[in-house]
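Welcome! Here is a short tour of some empty spaces and helix crossings, so have the sequence and the 3D view ready.

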Amino acid sequence: MTPEQIGILGCIALVALLCSSMPVAFAMAVVGFVGFAAVVHWNWHAAVSMMTMDLYKTFASYSLTVIPLFVLMGQVAFHGGISRRLFDAAYHWLGPLRGGLAMATVGACTAFGAICGSGPATSATMALVALPEMKRYKYSMELACGAVASGGTIGMMIPPSVVFIVYAILTEQSIGSLFIAGILPGLLTALLFCVTIYVQCLRRPELGPAAPSCSWKAKFLSLRGAWETLILFAAVMGGMFFGFFTPTEGAAIGAAGTIVITMVKRQLSFGKFVQSLKETLRTSVMVMIIVAGAVVFGHFLAITRVPFSMANWLGGLALPGWVIMLLITAFYLIAGCFVDALALVLLTIPIFYPVVTNLGFDPIWFGVMIVLVTQMGTITPPVGVCVYVVSGIERDVPLETIFRGSIPFLLALIVVAILLILFPSIALFLPSLVHP
Amino acid sequence: MTGRSVSQSSQQTTAGSGSHPRYVLVLRRIVSALAVVAGAAVAAMIVVTCVDVVGRRFGHPLKGAYDIVEILGAITIAGGLPYTTACKGHVAIEFFFQRLSRTGKIVVDTLVRIVTISMFSFLTWRFVLYGVEVKASGQGTSTMGWPIFWLPWWFSLCCGVMVLVILYHLTHPGKALMKP
């Protein structure tokens, strides 16, 4: 058998193992290990050395320590009440509008995304904070849950973002450039989500009744709840962009700053800190073990030369680059319905990255596109993790209702994707200012 | 992100402390102890990095901060692995599995866990050997050259505990060893 044939067989075996409910990370490691041994003529010693070294190097990688630190920052921010204060500020400004509470949720998700790197974590946080308020003002649960699940996905695009970090490490791109590239598409998504809510409430006012308006004094006073987020975001991102510190150092400073702010405000007890650490451990290990599995699998794929053959084949097709890009986007949209966002990125980057760079697309722009399509995957059935998270918290609302409520936001995300393909500078403008 | 933990949370039960044999309690304590070390390593990473960044501003960077953070990161991930597994916190695609018959589910789940147990048993052994190799070669950390032969042994210990956790899940279908 040729290495390419073994590579294709390996991909089929991986799909079979994934369907068997084996954890994604373990499935990738097993297939990578056995496949590597097969390619090197059943030299088990070489395969064993490869897997041990890959796992060791991934676990002991300095650049990956950024993940637990950013995750801890988000967890402490949640347990210390920062998310609630952000929602309060957005609520005071947007609540009196029709559908305003849902818009406030989107605004708070965007702001919270600036200190939290995970979409599902942002959805979970805002579900706890915003849903009781929307219930109180008799919002349709379809709109409310749809806004929370979809709003949470903005956290994946607004830096810091775990998906960006992992993409940057796998493709050897700058984490800072990817972070800054996510800002405008993230804000554009938030804006289009608010327009989506506004249009829905214009057609059916009963979906989101307006909350009582409040005085200008109360509005300005509520902004006090947003200053800490602003300071943390400016310190972490500013420090990284202007070269004061590395992403890992930025993440550590951000985590320390969040802990200090919440402690000074007496909102972080020791118990809450321990809970934050526990949740940080679970999320970080879950992410890192998938990265480790993907490294082993990627190593196997690389020696089979399947990604390069595929890149050459796709590059040789008599199709314009943008059509191939559309096909890749469609693939992510469909696969994202079944596979977890991060796992999908890790599974497919070794295959699609050479294709995309071969076609001349900018790797930073492709990173933003990848995050955008995986955002869609987290709110589409049957495996929509952000929807599951909201459903786990709001158990009275059927899963189908939340999926239905997310459809208008999915359309908004498709519009953002089209705009990004037509105008790549939406993603590339800010990085070009920092690194001309 | 945790497809399995979210989708199954309502169906899973956790082993109660009262009605379970001693080995379950001992296993839980070991997993918790490793998680405590991992959590402390995350906190230590923050302290070390902040001291280094602030010290650098004043011309006194912390010597070996890069190496310390690298080691603490490795301790965190390996130490947290059994805890994450005990809480069933890994991402898995349950969509097709949930459509199998009861017998089908039992067969597939058993096979999957046996493969996983084999992999981690193998890694337990390999990391011990790798630590011996690193010790013999005198290999050290990337900038300061501090000895790190013990780090693969730490990985080996954590992989060994992983085997026990998965074994528990194999013999107690539908139950998670620990609550998140």
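**Spaces and crossings**

Four helices each supply at least two residues to the lining of the second largest cavity: α2 (24-39), α3 (44-59) and α14 (270-304) of chain A, together with α4 (102-137) of chain B. Keep in mind that this is a predicted model. Rolling a probe the size of a water molecule over the atoms shows where empty space is left.

**The second largest cavity**

- The structure holds four cavities of 30 Å³ or more, and the second largest has a volume of about 90 Å³.
- Its lining has 14 residues, and those closest to the centre are Leu55(A), Ile289(A), Met119(B), Phe120(B) and Leu123(B).
- Which helix gives the most to this lining? That is α4(B), with four residues.
- By class, the lining of this cavity has 13 nonpolar residues, one polar residue and no charged ones.

**The second largest pocket**

- The second largest pocket has a volume of about 630 Å³.
- This pocket is lined by 26 residues, and Val15(A), Phe331(A), Ala335(A), Thr348(A) and Ile351(A) lie nearest its centre.
- Two or more lining residues come from each of these elements of chain A: α1 (3-19), α15 (306-316), α16 (321-335) and α17 (341-358).
- The largest share of the pocket lining, seven residues, belongs to α1(A).
- Sorted by class, the pocket lining has 23 nonpolar residues, two polar and one charged.

**Where α8(A) meets α20(A)**

- In chain A, the axes of helix α8 (residues 141-157) and helix α20 (residues 399-422) come within 7 Å and cross at roughly 65°.
- Angles of 65 to 115 degrees count as roughly perpendicular, so α8(A) and α20(A) are roughly perpendicular to each other.
- The crossing of α8(A) past α20(A) is right-handed.
- Residues making this contact include Leu143(A), Gly146(A) and Ala147(A) from α8(A), and Ile402(A), Gly405(A) and Phe409(A) from α20(A).
- The contact of α8(A) with α20(A) is made up of six nonpolar, five polar and two charged residues.

**Where α9(A) meets α18(A)**

- Helix α9 (residues 162-171) and helix α18 (residues 363-377), both of chain A, have axes that come within 10 Å and cross at roughly 140°.
- That angle makes α9(A) oblique to α18(A).
- Here too, α9(A) passes α18(A) in a right-handed crossing.
- On the α9(A) side, the contact is made by Val163(A), Phe164(A) and Tyr167(A), while α18(A) contributes residues including Phe366(A), Gly367(A) and Val371(A).
- Eight residues of the contact between α9(A) and α18(A) are nonpolar, one is polar and none is charged.

Technical notes:
Residues are numbered from 1 along each chain as its sequence is written. Chains are lettered from A and ligands numbered from 1 in the order in which they are written. This is a predicted model: local features need pLDDT of at least 70, side-chain atom pairs count only at pLDDT 80 or more; totals for chains, interfaces and linings use all residues. Side-chain values use heavy atoms; hydrogens and water are left out. On a 1 Å grid over the protein atoms alone, a cavity is a set of points where a 1.4 Å probe fits but cannot get out, and a pocket is an open set with protein on both sides within 12 Å along at least five of seven lines; lining residues have an atom within 4 Å of a point. Grid points are joined across faces, edges and corners, and a volume is the space filled by probe spheres set on the points. Ala, Val, Leu, Ile, Met, Phe, Trp, Tyr, Cys and Pro count as nonpolar, Asp, Glu, Lys and Arg as charged, and the others, Gly among them, as polar. Axes are lines fitted to C-alpha atoms, for helices over the stretch in contact, and angles run from 0 to 180 degrees between N-to-C directions. Angles under 35 degrees count as roughly parallel, over 145 as roughly antiparallel, 65 to 115 as roughly perpendicular and the rest as oblique. A crossing is left-handed if the near helix is turned anticlockwise from the far one by less than a right angle, and right-handed if clockwise. Contact means heavy atoms within 4.5 Å.
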